[in-house]
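Open the model in your viewer and keep the selection box ready. This tour moves from stop to stop, with something to pick at each one.

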Amino acid sequence: MKLDFLKDLGIEASNSGAFDGKWLKTRGGELVIKSPIDGSVIGTVQLASAADYSRCSHAAHEAFLRWRELPAPKRGEYVRQIGNAFRHYKEQLGKLVTLEMGKILQEGLGEAQECIDIADFAVGLSRQLYGLTIASERQNHSMRETWHPIGTVGVITAFNFPIAVWAWNSMLALVCGNSCLWKPSLKTPLSAIAMTRICAEVLGKEWAPLVALCIGNDVEVGAAMLDDPSVPLVSATGSTRMGRIVGPRIAQRFGRSLLELGGNNAIVVMEDADLDLAVRATVFGAVGTAGQRCTTTRRLLVHEQVIDDLTARLVKVYGQCRIGNPLDAKTLVGPLIDEGAALAFDRAIATAKEQGGKVVCGGKRAKLKGSSKGAYVEPTIVRCESVLPIVKEETFAPILYVIPIRSVEAAIELNNDVPQGLSSSIFTADIRKAERFLSTIGSDCGIANVNIGTSGAEIGGAFGGEKETGGGRESGSDSWKVYMRRQTSTVNWGTALPLAQGIKFGDD
Ligand code: UN1
């Protein structure tokens, strides 16, 4: 594999895993990074220790104290230049994401584009951090709400989106007047190093500590961040298991957490749906990123009149999906992140069979031409006559459970009958069914779509979900508000001191 492009991104054979405005000489031991494509070594990272973490946190906080005083549109100007730098490096970034995470190149490039998009969004936002004026009940008083920076935003990211989810958080955090401190997945640290280098170059010496980076294990670096009083907000993406640790621990110190955890997303297909669209959306949603998005389609709830037809069409398309090297333009399914993920896939298939599911296609490790050390699996469809216990679990692999339904009401009930609540969609030509799905008595998810799939959201909307998905919202819309503190101010411009609620106190 040609790795020359890594040099353009500043990635070397051995890399420091901590950045506080300078790359530190770290003390946390060496991590060897292997590509999931073929197991080849693509670099090493010197991990950060708890002491390295403290340096990064301190530098980020100091930078914040100065940065918050810069007018927001001026901060936006820096982010504009960062967005342009992302544009400049888009090809290399997309390729690095593919190399390190294993998603196909088209999706790697898509992820780099998502970083560009959120930077652009943040630039506009830097002139729109709008507050509110409120009618005061008291004469000669004015009332308003304003938004202020909060400090250093801790960002914990998962392997499946090595750059985009950090960009959602950090680009907003920067225009809001905060600094960021990133703890990326230990499975994809090189992508984090590349992004940090790009941003640091644009920010220059004065502002580089705003994008601090600390690559280390959960026990030392993760725990330090969760307990760090100078990190008022931690935005964490990962499993529900992780969220159960992160959420309460931050709450313990009255910190704020923004959690984006597991999903178990369903597409509902009604009898009147456009099946061509439903097939395409399902394949992208269930097979894309080898089933490793939190928005991946894991359940297909299909009206009994069309379930056999739709399943047959899907089996045909699944049979044509090429599995292999994700850098190859013809490939649609790359490897899973590692052998552990493939074992989870094996286990889920075995459990589904035990519980009465019928594997309609796939279900095995993929046999590739030539030898490969990657964890390649076949995209799999499991037909279930009812909801099996395994269907309620999120397995980060391309397994789609197909379940019959008789009505839109039954579909909504099943859609909501899982612990997670991230994304959902319905395929129908009937406005009544579509609107019911989106209504108060419809899908209980953070994302509910009509005639498009569950994954591949645009950055303009708020992203996140309910229940065990954690309740956080990041990316577009008014998600920026979680990165700021709100202040309510009442100003008396008169000469009397009337009290609210008409209270008379003393002689007035
Ligand atoms: C994730 O899997 O953590 O909507 C994020 C999507 C992407 C983001 C997924 N834009 O599928």
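The stops below run from the ligand outward to single residues and one helix. Keep in mind that this is a predicted model.

**Stop 1: the ligand**

Select the ligand first. Then show the residues around it: Glu-114, Asn-160, Phe-161, Trp-168, Glu-260, Arg-293, Cys-294, Thr-295, Ser-455, Gly-456, Ala-457 and Phe-463. Which pocket does the ligand take up? Its space is the second largest pocket.

Now turn on distances for three polar pairs. Begin with Glu-114, where an N or O atom of the side chain is 3.0 Å from a nitrogen atom of the ligand. Go on to Thr-295, which places a polar side-chain atom 2.6 Å from a ligand oxygen. Finish at Gly-456: here a polar backbone atom is 2.8 Å from an oxygen atom of the ligand. How much of the ligand's accessible area does the protein cover? On its own the ligand has 320 Å², and the protein covers 99% of that.

**Stop 2: His-61**

Stay with Trp-168 from the ligand shell and add His-61. The two are 107 residues apart in sequence, and their C-alpha atoms are 20 Å apart in space. His-61 is part of helix 2, residues 50-67. Is His-61 buried, exposed or partly exposed? Its relative accessibility is 26%, so it counts as partly exposed. Beyond its neighbours within four places in sequence, His-61 contacts Thr-152, Ser-179 and Ser-230.

**Stop 3: helix 8**

Select residues 218-226, which form helix 8. Colour Val-221, Gly-222, Ala-223, Met-225 and Leu-226; these residues of the helix are buried. What do they pack against? Helix 2, the element that holds His-61, is one of the partners. The others are strand 7 (152-156), strand 8 (179-183), strand 9 (211-214), strand 10 (233-237) and helix 9 (240-252).

Zoom in on the N-terminal end of helix 8, which Asn-217 caps. A side-chain oxygen of Asn-217 lies 3.3 Å from the backbone nitrogen of Val-219.

**Stop 4: Glu-145**

Pick Glu-145 in strand 6, residues 141-149. Glu-145 has a relative accessible area of 14%, so it is buried. Show side chains and find Arg-486. The Glu-145 and Arg-486 side chains make a polar contact of 3.1 Å. Setting aside neighbours within four places in sequence, Glu-145 is in contact with Arg-486, Gln-487 and Thr-488, as well as Gly-131, Leu-132 and Ile-134.

**Stop 5: Ser-16**

Move to strand 1, residues 14-16, and select Ser-16. At a relative accessible area of 16%, Ser-16 is buried. Which backbone oxygen does its side chain reach at 2.6 Å? That atom belongs to Leu-24. A polar atom of the Ser-16 side chain also lies 3.2 Å from the backbone oxygen of Ala-18. Widen the selection to the residues it touches, not counting those up to four places away in sequence: Trp-23, Leu-24, Thr-26, Val-45, Gln-46 and Ile-193.

**Stop 6: Lys-7**

End at helix 1, residues 5-8, with Lys-7 selected. Is Lys-7 buried or exposed? Lys-7 counts as exposed because its relative accessibility is 63%. Draw one last distance, from Lys-7 to Ala-192: the C-alpha atoms are separated by 15 Å, with the two positions 185 residues apart along the chain numbering.

How values were computed. Residues are numbered from 1 along each chain as its sequence is written. This is a predicted model: local features need pLDDT of at least 70, side-chain atom pairs count only at pLDDT 80 or more; totals for chains, interfaces and linings use all residues. Side-chain values use heavy atoms; hydrogens and water are left out. Helices (H or I, at least four residues) and strands (E, at least two) are DSSP runs, numbered from the N terminus. Buried means under 20% relative accessible area, exposed over 50%, partly exposed in between (1.4 Å probe, protein chains only). Contact means heavy atoms within 4.5 Å. A polar contact is a pair of N or O atoms within 3.5 Å; within protein, one must be able to donate a hydrogen and the other to accept it, and residues adjacent in sequence count only if both atoms are side-chain atoms. A residue is near a molecule or strand if one of its heavy atoms lies within 4 Å of it. Accessible areas come from the Shrake-Rupley method with a 1.4 Å probe; for residues, only the protein chains shown count as cover. On a 1 Å grid over the protein atoms alone, a cavity is a set of points where a 1.4 Å probe fits but cannot get out, and a pocket is an open set with protein on both sides within 12 Å along at least five of seven lines; lining residues have an atom within 4 Å of a point. A molecule sits in a cavity or pocket if more than half of its atoms lie within 2 Å of its grid points.
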